[in-house]
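Please open the structure in a viewer and keep the selection tool at hand. The tour below proceeds stop by stop, naming what to select and what is to be found there.

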Amino acid sequence: MYERELKKLKALCEGGLYKSPFYARQVRDAAAFDSYESFCKIPFMYKDDIRSCNAYDRTSAEKGEVFGIFSSSGTTGEKTFYVYNKTDKKVHEAFVKDFFTEFGVDSGDLGGVFAPVDTGVMAHSMMWQFTVMGAGYVTCVQPSPENMIDFVTKLPVSVVATRPSVVCSIVGNPEFEEKAQKSHVRLMLLGGGFLTEGRRKVIEKAWGATCYGLLGMSEIFGPIAAECKHKDGLHYPSKYLLVEVVDPVTHLPVSAGEAGVAVYTTLWNKGFPILRYWTDDIVRLDNRPCACGRKLPRIRYLGRLADCFTVDGKYVFPAMLEECLFKYGFTGEYRARREGDKITVILEKISGYEVSSEMKSEIDGIFMRDVEIEFRPSEEMRYDGHAVRFENR
């Protein structure tokens, strides 16, 4: 199991990739990569481990190899900085060219990056992905509905990169939807949050554009997986990434196709190597052939442990509720709150919208109990793309 990947890691270890102080607790010597059994003895890397040390304690890159210093967004704590080397940029370019060529992004496009631009690598990787394809880009750092429509009305933005919730914010405003549909926007590349089929259909209708989902991680370099034109799971480059799926309690690998926590290990001479990085993301891996012909495995993203309920031993994720809500024509913001055995679904109050008995019955089925429904004013339901939607009290 993972023979090819472990051979790569052993060579990287022998080449000094893990010589920096940060990895001392994880890697004693290259023998850790002799088998998957010995590899599993390497402790997991957690976000708090990364936050607790300096960026240069986590890299073996010499100054001449550094491409840049970037960070996480800092929405759940202080910003965490990472060293990115020139090889990281080449790996990112290889990923982008593979998928963005299929999407049809080329030098004739103007990309719109609808995201705050600071040191956060996610925004920078969205800009890089356009330049890799020879396209130009413009940044909308405060992507309110008004600002987005102003950008696409005044500029020939043809491809938009942002979060699903950001571009969905124009839905329900007839004036904005009309302007969006008359704009040059034909394609949306959406990451930084799950993309349900229900939300995809609503966005595509509102903008008159095709949507593709991407999965990204600041710790790696932004996008690490993307949909193909068949939109059936997120392909990831197994040449560069080892993905383990482990049970969240036992920490042992789950059976093929079962859901568990995604644990990532990077397989190149990375500026900030990721070694058995515990993400809290619950995923399934799909190794079956895809209709696109790629031999790359697919990630099926379910949600995060920090943003879900466990009901009768089963996970319930926001994506499951969202799919139901959008199926019945609700396109606003939503939350769920659990207090003991009581679960309340909180919906943004939209004029004229009522919950049907069929919708209520389906929501009850998702949570496996009779839930209460509350409506709240829009100003109380703002969502920044990072906050949890399911709150346990």
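Is R294 buried or exposed? R294 is buried, with a relative accessible area of 15%; the threshold for that label is under 20%. Please bear in mind throughout that this is a predicted model.

**Stop 1: R294 and its partner**

Keep R294 selected and add D98. The two side chains meet in a salt bridge, with a distance of 3.2 Å from N to O. D98 lies in helix α4 (residues 86–103), whereas R294 lies in the loop between β12 (277–286) and β13 (298–304), so the pair ties together parts that are 196 residues apart in sequence. Unlike the buried R294, D98 is partly exposed, at a relative accessible area of 34%.

**Stop 2: R300 and two aspartates**

Select R300 next, together with D232. Here the closest N and O atoms of the salt bridge are 3.0 Å apart. R300 belongs to strand β13 and D232 to the loop between β8 (222–226) and β9 (234–235), so this bridge ties together parts that are 68 residues apart in sequence. R300 counts as partly exposed, at 25% relative accessibility, and D232 is partly exposed as well, with a relative accessible area of 35%.

Now add D286. Its side chain meets that of R300 in a salt bridge, again with an N to O distance of 3.0 Å. D286 lies in strand β12 and R300 in strand β13, so the pair ties together parts that are 14 residues apart in sequence. D286 counts as buried, because its relative accessibility is 6%.

**Stop 3: a network of charges**

Which residues are linked in a network of salt bridges? Select R337, E339, E374, R376, E380, E391 and R393 to display the network. For the structure as a whole, the count comes to 37 salt bridges.

**Stop 4: the largest cavity**

Two cavities of 30 Å³ or more are found in the model. For the largest, select F67, F70, Y84, N85, D88, K89, H92, W128 and F221, which line it. The space inside is about 40 Å³. Colouring by secondary structure is useful at this point: β1 (66–71), β2 (81–85) and α4 each supply at least two residues of the lining. Helix α4 gives the most, with 3 residues; D98, from the first stop, lies in this helix too. By class, the lining divides into 5 nonpolar, 2 polar and 2 charged residues.

**Stop 5: the second largest cavity**

Move on by selecting I220, F221, I224, P237, Y240, L241 and W268, the lining of the second largest cavity. About 30 Å³ of space lies within this cavity. How many polar residues does the lining have? The lining has no polar and no charged residues, and 7 nonpolar ones. F221 may be kept highlighted, since this residue appears in the lining of the largest cavity and in that of the second largest.

**Stop 6: the nonpolar cores**

In soluble globular proteins, nonpolar side chains tend to be buried together. The largest nonpolar core of this model has 50 residues; select L9, Y18, F33, F39, M45, Y264 and I299, the members that touch the most others. Then centre the view on I299. Beyond its neighbours within four places in sequence, I299 is in contact with L215, A225, G233, L234, Y236, Y264, V283, R284 and L285. Apart from this core lies another, of 44 residues, with V202, V316, F326 and Y353 among them.

**Stop 7: V263 in strand β11**

Select V263, which is found in strand β11 (residues 260–266). V263 counts as buried, at 0% relative accessibility. With neighbours within four places in sequence left aside, the contacts of V263 are F44, L242, V243, E244, V246, R276, Y277 and W278. A C-alpha to C-alpha distance of 8.4 Å separates V263 from D280, 17 residues apart in sequence.

**Stop 8: F176 in helix α8**

Finish at F176, in helix α8 (residues 174–182). What is F176 in contact with, once neighbours within four places in sequence are left aside? The contacts are P145, E146, I149 and I170. F176 counts as buried, at 12% relative accessibility. To close, add D150: its C-alpha atom and that of F176 are separated by 9.5 Å, while the two residues are 26 apart along the chain.

How values were computed: Residues numbered from 1 in each chain as written. Predicted model: local features only at pLDDT ≥ 70, side-chain atom pairs only at ≥ 80, totals over all residues. Heavy atoms only, no water. Helix = DSSP H or I, 4+ residues; strand = E, 2+ residues; numbered from the N terminus. Buried < 20%, exposed > 50% of the residue type's maximum accessible area, 1.4 Å probe, protein only. Contact = heavy atoms within 4.5 Å. Salt bridge = Lys/Arg side-chain N within 4 Å of Asp/Glu carboxyl O. 1 Å grid on protein atoms, 1.4 Å probe; cavity = no way out; pocket = protein on both sides within 12 Å on 5 of 7 lines; lining within 4 Å. Points joined across faces, edges and corners; volume = space filled by probe spheres on them. Nonpolar A, V, L, I, M, F, W, Y, C, P; charged D, E, K, R; others polar. Core = buried A, V, L, I, M, F, W, Y, C linked by side-chain atoms within 4.5 Å.
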